[in-house]
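Please open the model in your viewer and keep a selection tool at hand. The tour below moves from one selection to the next and says what is found at each stop.

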Amino acid sequence: MKWTHVTVAVAKGRILEGTRRLWTDAGLVWPIREKSRQLWARPTDQTPGVIIARSRDISTLVARGIADLGVVGLDVLREYPDPGVIQVADLAFARCRVVLAGSKPVWPEGPTRIATKYRRIAEQFFREQAHPIEIVSLSGSLELAPLIGLAPYIVDIVDTGRTLKEHGLVEVATLFESTARLIANPALWRTKPAVGALRSLFCQKSESLDEKGVPL
Ligand code: PRP
């Protein structure tokens, strides 16, 4: 297969490291220079192109056809849904949980403040519980919020649990489990065979999804 016309947008951070491994496990040469700040590599015959971007921008790049495929966490896809992309695989790495955490393992009593970078996810969760909340939007270092009196609870991702523990916080409820997802531009997905071929290469050890994100 020639990869000259295929580009993949990859989210910075945990997703990037996992994607590099996925890429080399698939027998492809990772085109980004080691320890560099390079954000873009053009596709060649031997390897698809890579664009490295902020996680919430991956869907935009795919929906606009700048990239054929994208790799991004389910947490980000749920917080910033984009009707212009489809999920085509659960890549099963970057596994983490989106949780409600606080200083004690007890459900909030009455209306409460929640610090989070997942406003939409948290609002939907508490709406389903019919529990009134006020969101305090932060973009990181959420574990600080209960300690400094900004909000008694946070909604955040937990991987090893170390950050919560080091700040004396405990999980109160799990909202959902997140993993890295492969997303596609629907028009390019249907018309470029190389895009489907790349999904097959990536999915040798994981699960293909249909256009609604349901396992095939
Ligand atoms: C995430 C999350 C927690 C931490 C959880 O932060 O917000 O702070 O990872 O991981 P752990 O359970 O393994 O300790 P991230 O590193 O993505 O940075 P952020 O503060 O910018 O969100």
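What follows is a walk through a predicted model, beginning with the whole chain and then turning to single residues.

**The whole chain**

Start with the chain in a cartoon view, where 8 helices and 12 strands can be picked out. Turn the C-alpha trace along its principal axes, and the span comes to about 60 × 35 × 30 Å. The radius of gyration is 19 Å, which agrees with the value near 17 Å that a compact globule of 216 residues would have.

Now switch on the surface, whose accessible area comes to about 11,500 Å², with 50% of that belonging to carbon and sulfur atoms. Beneath it, 47% of the 216 residues count as buried. If you display contacts between residues at least 6 apart in sequence, 68% of them join residues that are at least 24 apart.

Colouring by charge brings up 29 positive and 23 negative charges, and the mean positions of these two groups are 5 Å apart.

**Three salt bridges**

How many salt bridges does the count come to? The count comes to 9, and three of the pairs are visited here.

Select Asp45 and Lys2, whose closest N and O atoms are 3.9 Å apart in a salt bridge. This pair links distant parts of the chain, with Asp45 in the loop between strand 2 (40-41) and strand 3 (49-53), and Lys2 in the segment before strand 1 (7-11), 43 residues away in sequence. Asp45 is partly exposed, at a relative accessible area of 33%, whereas Lys2 is exposed, at 58%.

Next select Asp159 and Arg14, whose side chains form a salt bridge with an N to O distance of 3.1 Å. Asp159 sits in the loop between strand 9 (153-158) and helix 6 (162-166), while Arg14 belongs to helix 1 (residues 14-25), so the pair ties together parts of the chain that are 145 residues apart in sequence. With a relative accessible area of 45%, Asp159 is partly exposed, and Arg14, with 53%, is exposed.

For the third pair, select Asp68 and Lys192, where the salt bridge has an N to O distance of 2.6 Å. Asp68 is in the loop between helix 2 (58-63) and strand 4 (69-73), and Lys192 is in the loop between helix 7 (186-191) and helix 8 (193-202), so parts that are 124 residues apart in sequence are tied together here. Is Asp68 buried or exposed? Asp68 counts as buried, because its relative accessibility of 3% falls under the 20% cut-off, while Lys192, at 22%, counts as partly exposed.

**A buried charge without a salt bridge**

Move to Glu143, in the loop between strand 8 (133-137) and helix 5 (144-147). Glu143 is buried yet has no salt bridge, and the nearest side chain of opposite charge, that of Lys117, is 7.9 Å away. To see what surrounds Glu143, show its contacts beyond four places in sequence, which are Ile154, Asp156, Thr163, Leu164, His167 and Leu169.

**Two buried residues in helices**

Select Asp75, which is found in helix 3 (residues 74-79) and counts as buried at 8% relative accessibility. Which residues does Asp75 touch, not counting those up to four places away in sequence? They are Val98, Tyr118, Ile121, Ile157, Phe176 and Ser178. A distance drawn from the C-alpha of Asp75 to that of Glu134 comes to 20 Å, the two residues being 59 apart in sequence.

Then select Ser59 in helix 2, which is likewise buried, with a relative accessible area of 8%. Once neighbours within four places in sequence are left aside, Ser59 is in contact with Leu77, Asp82, Val85 and Ile183.

**An exposed loop residue**

End the tour at Glu109, in the loop between strand 6 (96-102) and strand 7 (112-116). Where the previous stop was a buried residue, Glu109 counts as exposed, at 80% relative accessibility. As a last step, draw a line from the C-alpha of Glu109 to that of His131, and a separation of 9.4 Å appears between two residues that are 22 apart along the chain.

How values were computed. Residues are numbered from 1 along each chain as its sequence is written. This is a predicted model: local features need pLDDT of at least 70, side-chain atom pairs count only at pLDDT 80 or more; totals for chains, interfaces and linings use all residues. Side-chain values use heavy atoms; hydrogens and water are left out. Helices (H or I, at least four residues) and strands (E, at least two) are DSSP runs, numbered from the N terminus. The radius of gyration is taken over C-alpha atoms; the globule rule is 2.2 Å times the number of residues to the power 0.38. Buried means under 20% relative accessible area, exposed over 50%, partly exposed in between (1.4 Å probe, protein chains only). Contact means heavy atoms within 4.5 Å. Accessible areas come from the Shrake-Rupley method with a 1.4 Å probe; for residues, only the protein chains shown count as cover. Lys and Arg count as positive and Asp and Glu as negative; His and the chain ends are not counted. The place of a charge is taken as NZ of Lys, CZ of Arg, CG of Asp or CD of Glu. A salt bridge is a side-chain nitrogen of Lys or Arg within 4 Å of a carboxyl oxygen of Asp or Glu.
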